[in-house]
Protein chains: 2
Amino acid sequence: MNGKATTTRTKLERGRSALGPALELVHTGRAPTRAVLTSELGVTRATAGAVAAELEALGLIRVDSSPGSAAGSQGRPSHRLAVSGTGPVALAAQVHADGFRAALVGLGGRIVATAPGCVAVMADPAQVLGEVVAAGAQLLRDTGLRCVGAGLAVPSAVAEPEGTALNPLHIAWPAGAPVREIFAECVRETGITGPAFTGNDVNLAALAEHRHGAGRGAQHLLCVATGHRGVGGALVLDGRLHSGSSGLALEVGHLTVNADGRPCHCGGRGCLDVETDPLAFLTTARREPGPEESLLKQAGDLLRTEYDDAAVRNAAEELIDRLGLGLAGLVNILNPDRIVLGGLHRDLLDADPERLRAVVADRSLWGRSGSVPILPCTLAHNSLVGAAELAWQPVLDDPLAALT
Amino acid sequence: MNGKATTTRTKLERGRSALGPALELVHTGRAPTRAVLTSELGVTRATAGAVAAELEALGLIRVDSSPGSAAGSQGRPSHRLAVSGTGPVALAAQVHADGFRAALVGLGGRIVATAPGCVAVMADPAQVLGEVVAAGAQLLRDTGLRCVGAGLAVPSAVAEPEGTALNPLHIAWPAGAPVREIFAECVRETGITGPAFTGNDVNLAALAEHRHGAGRGAQHLLCVATGHRGVGGALVLDGRLHSGSSGLALEVGHLTVNADGRPCHCGGRGCLDVETDPLAFLTTARREPGPEESLLKQAGDLLRTEYDDAAVRNAAEELIDRLGLGLAGLVNILNPDRIVLGGLHRDLLDADPERLRAVVADRSLWGRSGSVPILPCTLAHNSLVGAAELAWQPVLDDPLAALT
DNA sequence: TGAGTTTGTGCCGCAACTAAACAAACTGCG
DNA sequence: CGCAGTTTGTTTAGTTGCGGCACAAACTCA
């Protein structure tokens, strides 16, 4: 009728301007100075200066105009760049078998505040998520910080594009629960500003490790981690999470790593899931497994404190061999340039790094692929930080548009 | 000294301007008209018009200004866009067990000319590649077309960034031969214009199928194909080939698909490689395998012509089950939204599509992942077309810069 | 024939950048 | 101390790719 919507196009489809890339560089710590920013961005000093000034005006970064101290090389010292300490934050939430956790996370993966305790997980997703969001909202009120959005990490595959949690094995939720929708609704209701996102915890941990942890600088990062039960995987390609066409990629738990191993609920035998998780370790080491929600801790403690015990050591070596076989299979298919391990797998790596590396090298096809660096994860709450990354992403893509 | 190289930056790091994306849309047949180009590109009609005019001026596309015939809907009919029939071409080359092949390939994957016969492959890579390039150069002289570059497909993994052919099982080349360098040298020596590229044949076939064949429109395309011996895989993510951090991704041949299967040279048992390739089919069907360089044809003919024979049928079903198991494993890890099969796998799919789909659905974790469409490849010479895609890529990325 | 709809084009202007010249801040050497 | 040499920050003046119109063109439908 009015013929107005004819030529109006958003044009924001591809991130224009160097603002986003510049913020990402500072965010991931790859641009400590304006000079580095200039070269990393491939723009002139004039542009880099303008971009840095604009990001500072938005309250996202700090530019230390003070005469730099540690110079080192010749020439005029460059002004240092850092994420703002008082800028906006993302609300990060995580649900797991032990309970839940809420935190405020600033740029650079800096955890600003964490919600105190954790209570037991209840059956109803809406109730749990309501409590997490309420805890986060309280943190926001306490600190008075601006919120750019919210992210949630759940211990289950999240189907795209619906955002339903498939097979949440380790928490008592119904399969197919629309967690993304529920979470978004809770966030809206609570009056928290910004969009809400939901993702799988291992995926988000991988994202966080890639940006702020052991995966920094990797081009093709593979992460594998255990929770209390089962094994999860994630892949970060060129800085972006690869979660497949419907969010179900990297379901690595059912790779066969033992031809005549334990039966698995998937119908197969000897799956990575049932051969290398904490429960597998405890039973292989002939220990009585405790309650489900503490298997990871129990297994990790056992591995660290009783590695002298022959049964423990043998169990560890058996699991390392199985894990190595699984990793080698993944290396053959994905050819990553770095592998980061979490959960019990991280502890197994720490226990005998050489053995694991040798198995992977031996069982992967090409010698060079076998020499992939395998590292333990380094971030304390990587899933939580990863959840915050989801909320930060729109800001990283286009700071001006995201902060209106 | 002169202080000239200080602020000079290429700036071409990210493709600017809509020229490249526009050409890619026409190239892949996704922009049949200027109106579609406008919406797909997300720009105004003014911009789309200017872009189309510029691409036409470069001789890359044709704009039919004639009053369009088949309109269909209301309004002024849009001018039709098509790749130019007389524009430049890419030189495509392929080496395989049977010999080699050279062709000229225009935009849109259109094969303009093919070198006549094929001679037997000799031991020395330099000699073979010299002959292929010479054949291609002859085609260029005959047609008088401009050449944007050259691409080569080899039946072996190509290590990045060196460009060496690892384990060229099926041709009598030394392992680690620097094929990329040799090919580039031949191209340079012959006076062919433009850069030279080399890639794995299955990877390139996948790229071609994604742009012009059965994989069109897929976001996450998985291709699996057999040659005469062994199995290759490839993945195209968001239109770009994913070949891993060192070119060795998708080595799918050693997925275990039969716990107590045939021994494989990798040290394992029951690998996809030895359980589902043409030789495996012939022996399972109790047929005498012919010479190595005709196994694929022999197996395919047998499957098509003697499917009534119980031994043939049983062998086919056994291979389909094994292949399905392998594909299911890949689906769990990669979660593609389409699978395209080539070589004998394509014939197996044609023989009993329902059986293969059922096995994949049954053995992959999530029902929805199991319902991935599985299609036969549709391009006649997909590796060859894919090799040309390599050479076209710089033009697609930035037509102005690539054509000077 | 005229209203409605969709597409092509010319013109203006903006936003994001480059290029070039200059100023500033540091090191090192005589 | 002073001065060359080096690197970084800033200012100013273009350049360019593209959006936003306004209008013309080509077709359908009533």
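This report covers the domains of chain A, the relation between chains A and B, and the contacts with DNA strand C in a predicted model.

**Domains of chain A**

The domain assignment divides chain A into three parts. Domain 1 spans 19-83, domain 2 combines 89-203 with 382-393, and domain 3 covers 217-376. Domain 2 is thus written as two segments of chain A, since the assignment lists 89-203 + 382-393 for it; these bounds come from an automatic or database assignment.

Between domain 1 of chain A and domain 2 of chain A, the C-alpha centres are 32 Å apart. Four residues of domain 1 of chain A and five residues of domain 2 of chain A make up the contact. About 450 Å² is buried between these two domains, and carbon and sulfur atoms supply 67% of that area. On the side of domain 1 of chain A, the greatest losses of area to domain 2 of chain A fall on His27(A), Leu60(A) and Val83(A), which together hold 86% of what that side buries. The touching side of domain 1 of chain A consists, by class, of three nonpolar residues, one polar residue and no charged residues.

Which polar links join domain 1 of chain A to domain 2 of chain A? Two residue pairs are in polar contact across this interface, both at pLDDT 80 or more. The number of salt bridges between the two domains is zero.

**Two copies of the chain**

A turn of 180 degrees, with a shift of 0.0 Å along the axis, lays chain B on chain A with an RMSD of 0.0 Å. The two copies are therefore related as by a two-fold rotation axis. Ala259(B) is the residue of chain B that comes closest to this axis, its C-alpha lying at 3.0 Å. Of the interface residues of chain B, 100% are also interface residues in chain A, so the copies meet through the same surface.

**DNA strand C**

There are 24 residues around DNA strand C, and those that come nearest are Ala18(A), Thr47(A), Arg34(B), Arg45(B) and Ser78(B). Among the atoms of DNA strand C within 4 Å of the protein, sugar and phosphate make up 68%. The table gives polar approaches to the strand.

| Residue | Protein atom | Atom of DNA strand C | Distance |
|---|---|---|---|
| Thr47(A) | side-chain N or O | phosphate oxygen | 2.7 Å |
| Arg76(B) | polar backbone atom | base oxygen | 3.0 Å |
| His79(B) | backbone N or O | phosphate oxygen | 3.0 Å |

Thr47(A) approaches a phosphate oxygen through its side chain, while His79(B) does so through a backbone atom. Arg76(B) places a polar backbone atom by a base oxygen.

Definitions and conventions: Residues are numbered from 1 along each chain as its sequence is written. Chains are lettered from A and ligands numbered from 1 in the order in which they are written. This is a predicted model: local features need pLDDT of at least 70, side-chain atom pairs count only at pLDDT 80 or more; totals for chains, interfaces and linings use all residues. Side-chain values use heavy atoms; hydrogens and water are left out. Contact means heavy atoms within 4.5 Å. Buried area is the accessible area (1.4 Å probe) that two parts lose on being put together, summed over both. A salt bridge is a side-chain nitrogen of Lys or Arg within 4 Å of a carboxyl oxygen of Asp or Glu. A polar contact is a pair of N or O atoms within 3.5 Å; within protein, one must be able to donate a hydrogen and the other to accept it, and residues adjacent in sequence count only if both atoms are side-chain atoms. Ala, Val, Leu, Ile, Met, Phe, Trp, Tyr, Cys and Pro count as nonpolar, Asp, Glu, Lys and Arg as charged, and the others, Gly among them, as polar. Copies are superposed by least squares on the C-alpha atoms of residues with pLDDT of at least 70 in both. A residue is near a molecule or strand if one of its heavy atoms lies within 4 Å of it.
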